[in-house]
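Colleague: I have this model open and would like to learn how to read its strands and cores. Could you take me through it?

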Amino acid sequence: MSAGIVIIGSGFAARQLVKNIRKHDGQVPIRLIAADSMDEYNKPDLSHVISLNQRADEMTRQRAGEFAEQYNLTLHANTWVSDIDPNKRLVHCGEQQWQYDKLVLATGSSAVLPPVPGRELMLTLNSQQEYLACETALRDARRVMILGGGLIGSELAMDFCRAGKQVIVVDSAASLLASLMPAEVSSRLQHRLNQMGVELLFNQRLESLSKTAQGIDATLSNGRIVGVDAVVAAIGLRPNVGLAQNAGLEINRGIKVNRQLQTSDENIYALGDCAEIDGKVLPFLQPIQFSAMTLAKNLLGAADGLSLPAMLVKVKTPELPLHLAGETQRADLHWQITAEPQGLIAKGYDEALQLRAFIVSEAHMKMAFGLLRELVL
């Protein structure tokens with residue numbers, strides 16, 4: 001009897017892969033091993049839970065048992081994989097072990113914590129389980145410090161502010177969303193957050209955190225000490241590569257895969273936040289959806305190469321929403337920026353005057369799909 005496909009992971013990538021496999025084959029054995037409950041929730045909703053006054057358990061869309069029954073798979077929830085034996089094609093979970101024909105690592109990523117004294121006082125919001133663990137602390141907090149002014153940090157800053165909290169954002173860069181776009185474009189969102197009452201502290205690093213009778217004291221690199229009730233780390237995500245590394249697979253920032261999503265072992269694949277393709281980790285929903293479609297076919301015998309179209313990234317800041325696409329972080333682009341009361345249009349051109357990136361906000365977001373077609377990849 002075939003050992004079938006074993007998937008290690010519990011997030012969006014694992015679920016999308018299962019759904020795509022079942023579109024093509026209703027019978028191939030699928031075994032899913034998840035470190036958490038495997039209940040389904042929409043991860044982007046974590047950017048809005050505080051202002052919506054939503055509790056962690058209210059995020060659940062489908063229970064794990066229903067998912068397993070619907071898609072005809074064997075599920076091992078709340079189960080930690082201890083190691084993988086690629087030679088024998090075995091997955092070990094403590095005393096238990098399972099054979100595989102094809103193995104998929106969809107182990108996701110973890111929030112990065114800066115290596116400072118008191119880092120154990122920081123909270124993270126990278127999963128429903130993490131929110132459940134800090135839900136009471138965040139709901140009760142009046143003063144919240146957010147480390148990181150990137151995509152997630154900006155979204156959380158606006159959300160906490162809309163919930164009536166005093167918000168301070170600390171970032172070592174000189175502007176908001178610095179790794180995604182030029183300062184002259186992000187300044188519009190920066191100005192809106194300032195108007196809402198968010199304090200933005202740029203060119204600053206967190207040096208330490210210490211517990212006090214009133215809450216937490218955060219010491220910054222300029223010597224300033226800020227008293228807050230909660231500190232949320234949003235400085236980035238680190239792919240979970242430990243299992244792959246211990247199994248002898250090739251690792252860089254993520255688990256290295258080719259265009260077929262295959263690792264350095266021909267029977268092991270990687271998908272989602274943990275996978276690195278052409279030197280890039282793509283922790284966004286659209287690339288994961290396309291990757292899951294390609295990988296499902298390859299696990300069933302095809303050898304398709306992943307091809308990603310131009311895709312939109314949405315900045316979920318409701319008071320000033322943004323759409324962006326292309327190589328918005330390239331330093332050599334010439335930007336044409338039109339700023340109007342109803343919104344902003346920014347187009348990034350290369351030396352050959354080809355459109356390589358764009359950013360649109362508010363009322364102009366409807367232009368995004370037309371601009372996507374003009375993008376040169």
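Colleague: Let's begin with a strand pair: which residue in S6 is the bridge partner of Leu-90?

Modeller: Happy to help, and keep in mind that this is a predicted model. The bridge partner of Leu-90 is Gln-99. That pair belongs to strands S5 (residues 90-93) and S6 (residues 96-99), which run antiparallel and are joined by four bridges.

Colleague: How many residues lie between S5 and S6 in their hairpin?

Modeller: Two residues separate the strands, and in this turn Gly-94 has a positive phi of about 65°.

Colleague: In what order do the strands of the five-stranded open sheet come?

Modeller: Read across the sheet, the order is S21-S22-S25-S24-S23, with antiparallel pairing. At the edges sit S21 (313-315) and S23 (334-340), each of which pairs on one side only. From one strand to the next, the twist averages 15°. Within this sheet, S24 (residues 343-349) and S25 (residues 355-361) are joined by five bridges, and Ile-345 has Val-360 in S25 as its bridge partner.

Colleague: Now the interior. Which members of the largest nonpolar core touch the most other members?

Modeller: The general idea is that nonpolar side chains tend to be buried together in soluble globular proteins. Here the largest nonpolar core has 51 residues, and those touching the most other members are Ile-7, Leu-17, Ile-84, Val-91, Leu-103, Val-104 and Leu-105. Another core, of 46 residues, lies apart from it and includes Cys-134, Ile-146, Met-181 and Val-185.

Colleague: What is Val-104 in contact with, leaving aside its neighbours within four places in sequence?

Modeller: Val-104 contacts Ile-5, Val-6, Ile-7, Ile-8 and Leu-17, along with Tyr-269, Leu-271, Leu-295 and Leu-299.

Technical notes:
Residues are numbered from 1 along each chain as its sequence is written. This is a predicted model: local features need pLDDT of at least 70, side-chain atom pairs count only at pLDDT 80 or more; totals for chains, interfaces and linings use all residues. Side-chain values use heavy atoms; hydrogens and water are left out. A nonpolar core is a set of buried Ala, Val, Leu, Ile, Met, Phe, Trp, Tyr and Cys residues joined through side-chain atoms within 4.5 Å. Buried means under 20% relative accessible area, exposed over 50%, partly exposed in between (1.4 Å probe, protein chains only). Contact means heavy atoms within 4.5 Å. Two strands pair if DSSP finds at least two bridges between them. Axes are lines fitted to C-alpha atoms, for helices over the stretch in contact, and angles run from 0 to 180 degrees between N-to-C directions.
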